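Student: I would like a close look at a single part of this model, with the criteria behind each term spelled out.

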Amino acid sequence: MRRKLVAGNWKMNGNLAGNAALLEGIKSGLDNPRCDVAVCVPYPYLAQCQSASTGSFVALGAQDLSAQESGAYTGEVSATMLREFGCHYVIVGHSERRTYHGESDELVARKTVRAIESGLVPIVCVGETLAEREAGQTDAVVRRQMDAVLAKLDAAGLVKIVIAYEPVWAIGTGKTATPEMAQEVHAAIRARLAAVDRDAAAKVPILYGGSMKPDNAKELLAMADIDGGLIGGASLKAADFLAIVKAA
Ligand code: PEP
């Protein structure tokens with residue numbers, strides 16, 4: 001059985017005092033959890049969260065990385081830098097990056113490869129907008145986003161990634177995909193992975209993200225191909241985040 005992963009995405013939220021309290025609250029509620037737990041924090045707080053999470057059950061992640069290794073790329077942060085600050089995970093291709101920063105499928109794929117090469121576990125986000133779902137394009141969109149990444153990976157690379165299915169219309173809106181809707185897309189993602197390598201496909205965790213909360217987590221996480229959650233809003237309250245971890 002795949003071990004579940006619950007990863008918080010703090011987005012552009014937090015401050016030194018608030019982060020300390022949030023991490024303390026999360027850590028004190030985790031007693032040998034039966035799933036993996038991570039928080040993906042803003043860059044300036046990596047050092048703080050590295051020292052606060054070291055030796056705990058909470059792994060550290062970042063929310064983006066550069067596709068470049070180093071050099072004249074003002075404002076960018078490299079995979080090596082993230083590793084130096086104790087990051088294990090990095091979110092890649094979040095819909096907010098794709099929408100507000102124009103990140104293409106190709107760039108997301110290159111970032112995915114850069115993360116793997118540097119020993120980070122990329123959480124690769126895919127998902128359709130509301131217009132795309134209503135136009136019956138969900139499968140095609142998710143497949144296009146997946147294929148750009150898969151074109152750059154062999155089976156050995158495939159087992160080093162996590163995928164997050166995040167329907168854009170469900171992120172931060174309070175609207176959640178029903179467990180059945182989510183499972184349908186997760187199964188399609190698993191099938192696409194299996195077409196590359198069957199054994200690897202069985203190992204890749206596929207998270208659901210999009211208004212996952214304590215009151216809907218259990219049903220979503222009970223689905224066969226939902227291996228955890230990428231949690232935005234609910235990761236900013238220790239009690240809510242812990243309730244989702246418990247459901248996983
Ligand atoms: C996210 O940030 O990836 C996310 C799923 O946000 P929320 O849980 O707030 O919808």
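Student: With which side chain does the side chain of E128 make a polar contact?

Tutor: This is a predicted model, in which local features need pLDDT of at least 70 and side-chain atom pairs count only at pLDDT 80 or more, while totals for chains, interfaces and linings use all residues. Residues are numbered from 1 along each chain as its sequence is written, and side-chain values use heavy atoms, with hydrogens and water left out.

The partner is R133, whose side chain lies in polar contact with that of E128 at 2.7 Å; a polar contact is a pair of N or O atoms within 3.5 Å, where within protein one must be able to donate a hydrogen and the other to accept it, and residues adjacent in sequence count only if both atoms are side-chain atoms. E128 itself sits in the loop between strand 5 (121-126) and helix 6 (130-134), these elements being DSSP runs numbered from the N terminus (helices H or I, at least four residues; strands E, at least two). With a relative accessible area of 0%, E128 is buried, where buried means under 20% relative accessible area, exposed over 50% and partly exposed in between (1.4 Å probe, protein chains only). Leaving aside residues up to four places away in sequence, E128 touches R133, T138, V141, V142, Y165, E166, P167, V168 and W169, contact meaning heavy atoms within 4.5 Å.

As for the wider setting, eight strands close into a barrel in the order 1-2-3-4-5-6-7-8, with parallel pairing; two strands pair if DSSP finds at least two bridges between them. Neighbouring strands of this sheet are turned by 25 degrees against each other on average, direction ignored, the axes being lines fitted to C-alpha atoms (for helices over the stretch in contact) and angles running from 0 to 180 degrees between N-to-C directions. Strand 7 (residues 206-209) and strand 8 (residues 228-231), for instance, pair in the parallel sense over two bridges, and Y208 stands opposite G229 in strand 8.

A second buried polar residue can be set beside E128: N216, in helix 11 (residues 214-221), counts as buried at 14% relative accessibility. A polar atom of the N216 side chain lies 3.0 Å from the backbone oxygen of S211, and, again without residues up to four places away in sequence, N216 touches T176 and S211.
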